[in-house]
Amino acid sequence: MRPLALVAVLGLSVGIASAQERASESPDPLVHEYARAVQSAILKRWTRPQSVAVGQRCVLDVRQLPGGIVASVDVASDCEYDAAGRQSIMAATLKAQPLPYAGYESVFHRRLILKFVAQDPAP
């Protein structure tokens, strides 16, 4: 099974344009809802460190078990965040567990590729 690729825009405003690109491969609107739910769960627990500049990108590879328990979270080698930024986004992912699952069983993926782009919070 291919991993589900999601994009989260970090800050108080969340954009899912690129998540929709991946989700658009499926006609099931529940895939879009699942993407938004996972993004929201992580973003609620993440505070962008000042050392992470607006526009910096980072990709996480999240492996999860049914029920949304995070088995592992790894940062891609090309992540632009510094060590504090990497640690903070990984910690937010772990704090967000269990990731959304109930109601999304039919679109659940054990592996999620999460693409984050740091932004300023919405005014």
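**Notebook: Asp 61, its partners and the strands around them**

I began with Arg 63, which I enter as partly exposed because its relative accessibility is 38%, between the 20% that bounds buried residues and the 50% above which a residue counts as exposed. I note at the outset that I am working from a predicted model, so each entry below describes that prediction.

*Entry on the salt bridges.* I looked up which side chain Arg 63 meets, and found a salt bridge with Asp 61 at 3.5 Å from N to O. Asp 61 itself I record as buried, because its relative accessible area of 17% falls under the 20% limit. I then checked Asp 61 for another partner and found Arg 111, with the closest N and O atoms 2.9 Å apart. Since Arg 111 lies in strand E4 and Asp 61 in strand E2, this pair ties together parts of the chain that are 50 residues apart in sequence. Arg 111 goes down as partly exposed, with a relative accessible area of 30%. The structure holds two salt bridges, and I enter Asp 61, Arg 63 and Arg 111 as linked in a network.

*Entry on strand E4.* Having met E4 through Arg 111, I asked how many of the residues of strand E4 are buried. For residues 111-118 I found six of the eight buried, so I describe the strand as largely enclosed by the rest of the structure. I next looked up how E4 pairs with strand E2 (residues 57-65), and the two run in the antiparallel sense over seven bridges. Within this pairing I noted one position in particular, Cys 58, whose bridge partner in E4 is Phe 116.

*Entry on the disulfide.* Cys 58 also led me to the sulfur atoms, where I found a disulfide to Cys 79 with an S to S distance of 2.1 Å. The pair links distant parts of the chain, with Cys 58 in strand E2 and Cys 79 in the loop between E3 and helix H3 (83-95), 21 residues apart. I looked up the angle about the S-S bond as well, and at -110° the link of Cys 58 and Cys 79 is left-handed. Both Cys 58 and Cys 79 are buried, and the count for the structure comes to one disulfide.

*Entry on the hairpin.* I turned to the pairing of E2 with E3, which run antiparallel and are joined by six bridges. These two strands form a hairpin with three residues between them, and in the turn I noted Gly 67, which has a positive phi of about 100°. Leu 65 stands opposite Ile 69 in E3, and I followed Ile 69 further. I record Ile 69 as partly exposed, with a relative accessible area of 40%. Leaving aside residues up to four places away in sequence, I found that Ile 69 touches Arg 63, Gln 64, Gln 97 and Pro 98. I also took the C-alpha separation of Ile 69 and Ala 96, which are 27 residues apart along the chain, and it is 9.2 Å.

*Entry on the whole chain.* Stepping back, I counted three helices and four strands, and from the N terminus on the elements run β-α-α-β-β-α-β. Of the 123 residues, 42% are buried. Among contacts between residues at least 6 apart in sequence, 74% join residues at least 24 apart. The accessible surface comes to about 6,400 Å², and 54% of it belongs to carbon and sulfur atoms.

*Entry on confidence.* I asked which elements have the lowest and the highest mean pLDDT. Helix H1 (residues 17-23) has the lowest, at 39, and strand E3 (residues 69-75) the highest, at 96. Over residues 9-24 the pLDDT is below 50, although beyond near neighbours in sequence this stretch has 43 contacts in the model. Where pLDDT is low, the predicted coordinates should not be read in detail. For the chain I note an average pLDDT of 80, with 76% of the residues scoring at least 70.

Notes: Residues are numbered from 1 along each chain as its sequence is written. Side-chain values use heavy atoms; hydrogens and water are left out. pLDDT is the predictor's confidence in each residue, from 0 to 100. Contact means heavy atoms within 4.5 Å. Buried means under 20% relative accessible area, exposed over 50%, partly exposed in between (1.4 Å probe, protein chains only). Two strands pair if DSSP finds at least two bridges between them. A disulfide is a pair of cysteine sulfur atoms within 2.5 Å. A salt bridge is a side-chain nitrogen of Lys or Arg within 4 Å of a carboxyl oxygen of Asp or Glu. Accessible areas come from the Shrake-Rupley method with a 1.4 Å probe; for residues, only the protein chains shown count as cover.
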